[in-house]
Amino acid sequence: RCSQCFQMLTFDIGFGTTIYPIVLEVHENFDFQDEDESNIQDQTFKEFLFEDTFKFLLSNESSTSSFMEALQNIYRSAVRKDGAYHKEDEQCLSLEEINSMTTFIKELKNLGQFELLFPSSAPEIQTLLHDLYRMVDPVRRLGSVLTLHWLLSSLLEQFQLMTKEAHTNLSERKSSQENANPKQNIPSDFSKNHEAWLYSSKNEERQCSYDKDTLSHIRQIFTNPQLDLNPQFNPKIKEYYAEVPFDMVTVKIGAEPSNCHCQVHLDEKKGPSIANYPLGLGLNKVVILVTDGLQPSPQVVSSYKITIYREDRPSLPLFDDYMMCGFVQDCGSRIRPDESCGLQPLSHEYLSAISQTVFKTCEAGDTKGQWIVPCLSCSDNRTCDWREITWQPHGCRYSVLARPELQRCVEGRRILFIGDSTNRGMMYYLIQRVNKTLQEWQKTHDVKSYHNINEGKTFISYSYYPQFWMNANQRPTFEKALEQLLQRSRPLENTDQTVLIVGGVQWLNSNHLQIIQKVLKRENLSNILVIIKSIGMGFHLPVDGIHSLSQAEVQNLWNENLIILDTAKNFGYEVVDTFVITMGRYKEFLQGKCGCHFHEVVKSDPSEESPHITMTLARHYTLGKYFGSQSKPSQLQDYATNSQSPYHVRGPINQVYSEILLSRLCASKRELVSM
């Protein structure tokens, strides 16, 4: 009923013992999952598919003139060689057929990386279609399905001739321009006295080729600091691997094309040729695209992939002769210059105080605390067992809820999240803890609802904010985004059975809290439970394409965070202070340009253990030397290795502040449980 309406479907297709494919499953949305990308959820290829699909389907480019020119050429070729015109060769096209063919020409102009399957551009297939068409009785030819196929095939043939002619003219123009200006300077970014750059520090003539065989190749890859690529670089090899130490948090990467007509871009067709990349713990992927500059619209002709594995913190296994060390901030980024940084030895009095078997439950989500880790020496962080690190609030403990208790806590509740990807990471952690599994996952950048939580007894919805990729004058305001989330999540009770969880990296400020209060009052929801996730570490690295904070701006985050926490508590809202938890471990971010992600959702593989992050549990130290043997192991272990879960949330820092979130979510409903 709607010829210009589309729905994204994803088909999982398998091949058995025959050449015919079998449709295994049809997803009613875009559900592309490249096995090679599943461990890091790399979005690059998904973005290519989306971009090309929308250009293919929704191009506003007119194709009428191209269609008319191609059609005239087809009918000129239909005239007999003797020059006579024959009435039976004339075809009357319906409006629907004309629309189909103009759409076909439009699609041909916007194929992107798609390949045309039918009609085929292969000469033998085109010849077959022409032969079949001629075999059909001219009287029946008009009604034959072959008519449209033949016309489409002929249109394709004519369009390719027209395109080839246009490309030839463009090539001649570009060649004349290049002959007039033979020198091409090297970007100054590649010099600067770095041994890693393969360029010299002086400008030199670009070495390139006009040979068509080099169109898909790059000549060199440049990195700083220098990466030891495996295998050694070869233009014909498209995939490389490198490992870097924990303290290497960024790398500059660039490349040079082999062909003079080509350009290189990083990650996307319009990306830069040189860029500074953040390196999250574990696997990071950089895609180098080679585009053909002779095309009217640059087309990707090949891609190279560099996988960079950043190691976890150097760690030693726990020995008998260890000492307990604590820290709040790292000396590499001192947020509070007037306070100590790095590992500090903990006094016996402090250790004795936190080893009590009966301990007060923390009454707020912003209780000050510190990270505690066992080390051979507090003066050398390489001697610590970082697998055993834990967050210790001062003077209290956050109880870890057993799953049945957590399920009772959220039963009948409607839990609404609004915020960025860090807020979404806490939501996925909550879903996994309640359901014991994470059945579906996607990087939602819109409003999404989940009805399958806690056997259908709990409703969760999520709205992504802010939509930073949109123009500032087109972005929905926070007030509009919140109103939309509330409307999409109704019916809502004006009690703590309705929960609103708000927060992100660094967009939140006290003005947003005032908007929350105003909207909830207007919607008669002033009595719901509101939990504010404060700001977190991020945007602290010099990365291309995003705004990076100076050290002074990073230090100012401390004051901004305090204002948010104080304002929220004055409004009667619960809080979770994620800044104090993330600032001391700012180097332990995972994939993402912002350096702000402390979680990732990965595809479960029960046969493999995490290569770079151990699920450090939000528990208190159970080392017999100080705390005795009465401490129980954490209740979180049962879900971490659930083989039935297609996905799971990974990230020990996210786990800590997500557990604090759960403690505040269930504070009024919880029966105290023994740690």
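**Exercise 1. State how confident the predictor is in the chain, and locate two stretches where pLDDT is below 50.**

Solution. Step 1: the mean pLDDT (the predictor's confidence in each residue, from 0 to 100) of the chain is 79, and 73% of the residues reach 70 or more. Step 2: residues 180-204 have a pLDDT below 50, and beyond near neighbours in sequence this stretch has 39 contacts in the model, a contact being heavy atoms within 4.5 Å. Step 3: residues 608-641 also have a pLDDT below 50, with 91 contacts in the model beyond near neighbours in sequence.

Two conventions apply throughout. The model is predicted: local features need pLDDT of at least 70, side-chain atom pairs count only at pLDDT 80 or more, and totals for chains, interfaces and linings use all residues. Residues are numbered from 1 along each chain as its sequence is written, and side-chain values use heavy atoms, with hydrogens and water left out.

**Exercise 2. Summarise the chain: how many helices and strands does it have, and what percentage of its residues count as buried?**

Solution. Step 1: the chain has 16 helices and 21 strands; these are DSSP runs numbered from the N terminus, helices being H or I of at least four residues and strands E of at least two. Step 2: of the 675 residues, 48% count as buried. Buried means under 20% relative accessible area, exposed over 50%, and partly exposed in between, with a 1.4 Å probe and protein chains only. Step 3: among contacts between residues at least 6 apart in sequence, 72% join residues at least 24 apart.

**Exercise 3. Describe strands β3 and β4 and their pairing with β5 and β9.**

Solution. Step 1: strand β3 (residues 218-224) is mostly covered, 6 of its 7 residues being buried. Step 2: β3 runs antiparallel to strand β5 (residues 250-257), to which 6 bridges join it; two strands pair if DSSP finds at least two bridges between them. Within this pair, Asn-224 has Lys-252 of β5 as its bridge partner. Step 3: strand β4 (residues 239-244) has a covered face of Tyr-240, Ala-242 and Val-244, whereas Glu-239, Tyr-241 and Glu-243 form the uncovered one. Step 4: β4 pairs in the parallel sense with strand β9 (residues 299-310) over 6 bridges, and Val-244 stands opposite Arg-310 in β9.

**Exercise 4. Work out the strand order of the open sheet of 6 strands, and explain why β15 and β19 stand at its edges.**

Solution. Step 1: the order is β15-β16-β14-β17-β18-β19, with mixed pairing. Step 2: β15 (447-453) and β19 (574-576) each have a single partner strand, so one side of each is left without a neighbour in the sheet. Step 3: neighbouring strands are turned by 20° against each other on average, direction ignored. Axes are lines fitted to C-alpha atoms, for helices over the stretch in contact, and angles run from 0 to 180 degrees between N-to-C directions. Step 4: strand β14 (residues 414-419) runs parallel to strand β16 (residues 458-464), and 6 bridges join them. Arg-414 stands opposite Phe-459 in β16. Step 5: helix α16 (residues 652-665) packs on the sheet and touches β14, β17, β18 and β19, its direction making about 170° with that of β19. Helix α11 (residues 510-522) lies across β17 (498-503) and β18 (529-533), at about 165° to β18.

**Exercise 5. Place Ser-489 in the structure: in which loop does it lie, and is it buried or exposed?**

Solution. Step 1: Ser-489 lies in the loop between α10 (478-488) and β17. Step 2: its relative accessible area is 0%, so Ser-489 is buried. Step 3: the side chain of Ser-489 reaches the backbone oxygen of Leu-485 at 2.7 Å. Step 4: leaving aside residues up to four places away in sequence, Ser-489 touches Arg-414, Leu-416, Phe-459 and Ser-461.

**Exercise 6. Count the salt bridges and examine the pair formed by Glu-574 and Arg-664.**

Solution. Step 1: a salt bridge is a side-chain nitrogen of Lys or Arg within 4 Å of a carboxyl oxygen of Asp or Glu, and the count comes to 16. Step 2: the closest N and O atoms of Glu-574 and Arg-664 are 3.0 Å apart. Glu-574 lies in strand β19 and Arg-664 in helix α16, so the pair ties together parts that are 90 residues apart in sequence. Arg-664 is buried, at 5% relative accessible area. Step 3: Arg-387 and Asp-385 also meet in a salt bridge (2.9 Å, N to O); Arg-387 is partly exposed at 45% relative accessibility, while Asp-385 is buried at 2%. Step 4: a network of salt bridges links Glu-479, Glu-483, Lys-518 and Arg-522.

Note on methods
Polar contact = N/O pair within 3.5 Å; in protein donor to acceptor, adjacent residues only side chain to side chain.
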